[in-house]
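The following exercises are to be worked through with the sequence and the coordinates at hand. Each task is followed by a solution in steps.

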Amino acid sequence: MTIVTTSRKPVPELRSLAKDFAFAAGYPYILRGRMGLPEIDTIDPVSFIFSSRGKEFSLRLADHGKIVADIRIPSWSMEERADERLPGILIDDPSLYERLAPYIPVKLSETGKEGCLFDGTRKRRYLLRLMIYEA
């Protein structure tokens with residue numbers, strides 16, 4: 001199993017995004033509180049951690065303490081969905097798909113929507129622009 005969590009003191013938008021991402025993936029969202037990264041690894045060795053980097057969000061995938069993917073979210077939008085709920089998480093970038101597919105149920109998409117598309121709770125639909133972070 002995999003868990004989804006946030007940085008220790010997330011802004012409300014980040015917390016909502018992480019909870020809805022966990023919902024779309026079918027994984028539990030864990031309220032981090034004062035837990036450090038080693039404590040998160042004891043709950044589950046694979047985790048998605050949403051955090052803030054300045055004014056943009058980021059997503060880090062860790063497997064047994066090793067960073068598998070460090071992804072920037074330079075922009076994102078949320079809207080109310082008018083149609084049926086999308087199953088799972090759709091990603092249009094093949095390189096991101098290859099990195100995430102072993103850890104999370106993602107589908108390679110050709111929707112024309114650049115980035116990551118998924119539906120959360122309360123009729124929310126998210127579109128995230130994702131970029132591999134290269135320091």
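**Exercise 1. A strand pair and its rings**

In this predicted model, F118 stands opposite Y126 in β8. Determine in which sense β7 and β8 run, and how the rings of F118 and Y126 are arranged.

*Solution.*
Step 1. Strands β7 and β8 run antiparallel and are joined by 4 bridges.
Step 2. F118 is buried, its relative accessible area being 0%.
Step 3. The ring centres of F118 and Y126 lie 5.0 Å apart and the planes make an angle of 15°. Planes under 30 degrees apart count as stacked, so the pair of F118 and Y126 is stacked.
Step 4. Both residues of this pair, F118 and Y126, are buried.

**Exercise 2. From the strand to a helix**

Classify the ring pair of F21 and F118, and state which parts of the chain it ties together.

*Solution.*
Step 1. The structure contains 6 aromatic pairs. In the pair of F21 and F118, the centres are 5.5 Å apart and the planes stand at 85°. An angle over 60 degrees counts as edge-to-face, so this pair is edge-to-face.
Step 2. F21 belongs to helix α1 (residues 12-25) and F118 to strand β7 (residues 116-119), so the pair ties together parts that are 97 residues apart in sequence.
Step 3. With a relative accessible area of 4%, F21 is buried.
Step 4. Ring pairs link F21, F48, F50, F57, W76, F118 and Y126 into a cluster.

**Exercise 3. The nonpolar core**

Which residues of the largest nonpolar core touch the most other members?

*Solution.*
Step 1. This core has 31 residues, of which V4, F21, F48, F50, I89, I104 and F118 touch the most other members.
Step 2. Helix α1 gives the most to the core, with 7 residues.
Step 3. Apart from neighbours within four places in sequence, F21 is in contact with V4, F48, F50, L59, I89, I104 and F118.
Step 4. As background, nonpolar side chains in soluble globular proteins tend to be buried together.

**Exercise 4. The sheet**

Give the strand order of the open sheet and find the strands at its edges.

*Solution.*
Step 1. The 8 strands follow the order β1-β2-β3-β4-β8-β7-β5-β6, with mixed pairing.
Step 2. β1 and β6 (106-108) each have a single partner strand and stand at the edges, so one side of each is left without a neighbour in the sheet.
Step 3. Strand β1 (residues 3-6) pairs with β2 in the parallel sense over 4 bridges; the bridge partner of T6 in β2 is F50.
Step 4. β2 and β3 (residues 56-63) pair in the antiparallel sense over 8 bridges, with R53 opposite E56 in β3. These two strands form a hairpin with 2 residues between them, and G54 in the turn has a positive phi of about 65°.
Step 5. Of the 8 residues of β2 (residues 46-53), 6 are buried, so this strand is largely enclosed by the rest of the structure.

**Exercise 5. A charged residue in β7**

Is D119 buried or exposed, and which polar contacts does its side chain make with L86 and R125?

*Solution.*
Step 1. D119 is found in strand β7.
Step 2. The relative accessibility of D119 is 0%; the limit for a buried residue is under 20%, so D119 counts as buried.
Step 3. The D119 side chain reaches the backbone nitrogen of L86 at 2.6 Å.
Step 4. The side chains of D119 and R125 are joined by a polar contact of 2.6 Å.

Conventions: Residues are numbered from 1 along each chain as its sequence is written. This is a predicted model: local features need pLDDT of at least 70, side-chain atom pairs count only at pLDDT 80 or more; totals for chains, interfaces and linings use all residues. Side-chain values use heavy atoms; hydrogens and water are left out. Buried means under 20% relative accessible area, exposed over 50%, partly exposed in between (1.4 Å probe, protein chains only). Two strands pair if DSSP finds at least two bridges between them. Rings of Phe, Tyr and Trp (its six-membered ring) pair if their centres lie within 6.5 Å; planes under 30 degrees apart count as stacked, over 60 as edge-to-face and the rest as tilted. A nonpolar core is a set of buried Ala, Val, Leu, Ile, Met, Phe, Trp, Tyr and Cys residues joined through side-chain atoms within 4.5 Å. Contact means heavy atoms within 4.5 Å. A polar contact is a pair of N or O atoms within 3.5 Å; within protein, one must be able to donate a hydrogen and the other to accept it, and residues adjacent in sequence count only if both atoms are side-chain atoms.
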